[in-house]
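Here are my notes on the model you sent over. Keep the viewer open while you read, and click through the strands as they come up.

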Amino acid sequence: MEQLALEVREVEIRYRGLPVVQDVSIQVKKGGTVTILGANGAGKSSLLRGIMGAQRIWKGKVMLEGREIQGLSTEQIVKLGLVYVPEERMLFGPLSVEDNLKLGAYLLDEENLVRENLEKVYGLFPKLRERKDQAASTLSGGEQQMLAIGRGLMSNPKVLMLDEPSLGLAPLLVTELFDTVRRLKTSGMTILLVEQNVKEALEIADYGYVLQAGRLVLEGTKDELISSDMVKKAYLGL
């Protein structure tokens, strides 16, 4: 049986007392790529924030490699190997690209490992090496997204959660971004991807879930979702 890297069991999340995620269960196998689809306001980002400990889980369980993590602080969850790259990117604008990357490795004690991870990130995103001394605020939108993902990779995550990584990017940059996600997948990284660019997300994912108004309404392999009338109509414009 394949090992689960991340499992969410019947989770409920509330915002100002109102449930925004209800009875949601998802599974991400080790080395797998899973996407969560849904319109704005469907509860996708709330779910990721809940998994990450940034939003309270009222009911249900979150398991990372079989260990319960709901109720832990975000820092404890990062230490256990789960990393979240938020839609807002949350970069430190005045700091250089390299300093932003090093902040992603603040939990690592070994200087050698930090340097090794820097080289890996620069190998993945050569533009970041060219801009390493520039302030993060001076980067283009695409470069800022590369930096946000690169910073997430600096702590050697077991599971990487990406929240709307292509949001606001030009079409050419969207293609570049998904090429990068593909390379991460090929390298064995476990990825949970929230993305409104449904066609690209389904092409890259092994499995997917569809959220509507905080509830799961559909799940399946990428082929099952691509051939689903509901997905074709609501998300692919067919």
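**Notes, starting from strand β7**

1. Strand β6, residues 82-85, pairs with β7 in the parallel sense, and four bridges hold that pairing. If you want a spot to click on, take Leu-82: its bridge partner in β7 is Val-159. Do keep in mind that this is a predicted model.

2. Now look to the other neighbour of β7. Strand β8 (residues 190-194) runs parallel to β7, and five bridges join the two. Here a good pair to find is Met-161, which stands opposite Leu-192 in β8.

3. Is β7 mostly covered or mostly open? Mostly covered: the strand spans residues 159-163, and five of its five residues are buried. In a regular strand, side chains alternate between the two faces of the sheet. You can see that pattern here, with Val-159, Met-161 and Asp-163 pointing one way and Leu-160 and Leu-162 pointing the other. Don't skip over Asp-163, by the way; that residue is buried along with the others.

4. How does the chain get from β7 to β8? Helix α7 (residues 171-186) joins them in a β-α-β unit, and the unit is right-handed. Try tracing it on screen.

5. Zoom out a bit. β7 and β8 belong to an open sheet of six strands, in the order β6-β7-β8-β3-β9-β10, with mixed pairing. At the edges sit β6 and β10 (215-221), each of which pairs on one side only. Neighbouring strands in this sheet are turned against each other by 15 degrees on average, ignoring direction.

6. Further along the same order, strand β3 (residues 33-37) pairs with strand β9 (residues 207-212). That pairing is parallel and has four bridges. Thr-35 stands opposite Gly-208 in β9. Two helices to look for next: α1 (residues 44-51) packs on this sheet and touches β3, β6, β7, β8 and β9, with its direction at about 150 degrees to that of β7. Helix α7 packs on the sheet too, touching β3, β7 and β8, and its direction makes about 150 degrees with that of β8.

7. There's another sheet to find. Four strands make an open sheet in the order β2-β1-β4-β5, and this one is antiparallel. Its edge strands are β2 (18-29) and β5 (67-68), each pairing on one side only. Inside it, strand β1 (residues 4-15) and strand β4 (residues 57-64) pair over six bridges in the antiparallel sense. Glu-12 stands opposite Lys-59 in β4. Helix α1 turns up again: it packs on this sheet, touching β1, β2 and β4, and its direction makes about 115 degrees with that of β1.

8. Finally, the whole chain. You should count ten helices and ten strands. Why call the overall fold compact? Because a compact globule of 238 residues would have a radius of gyration near 18 Å, and the chain's 17 Å agrees with that. The C-alpha atoms fill a box of roughly 45 × 40 × 40 Å along the principal axes. Buried residues make up 49% of the chain. Of the contacts with a separation of 6 or more, 65% are between residues 24 or more positions apart. As for the outside, the chain exposes about 11500 Å², and carbon and sulfur atoms supply 50% of that area.

Technical notes. Residues numbered from 1 in each chain as written. Predicted model: local features only at pLDDT ≥ 70, side-chain atom pairs only at ≥ 80, totals over all residues. Heavy atoms only, no water. Buried < 20%, exposed > 50% of the residue type's maximum accessible area, 1.4 Å probe, protein only. Pairing = 2+ DSSP bridges. Right-handed = clockwise from strand over helix to strand, strands pointing away. Rg over C-alpha atoms; globule rule 2.2 N^0.38 Å. Contact = heavy atoms within 4.5 Å. Areas by Shrake-Rupley, 256 points an atom, 1.4 Å probe, with all protein chains shown as cover. Axes fitted to C-alpha atoms, helices over the stretch in contact; angles between N-to-C directions.
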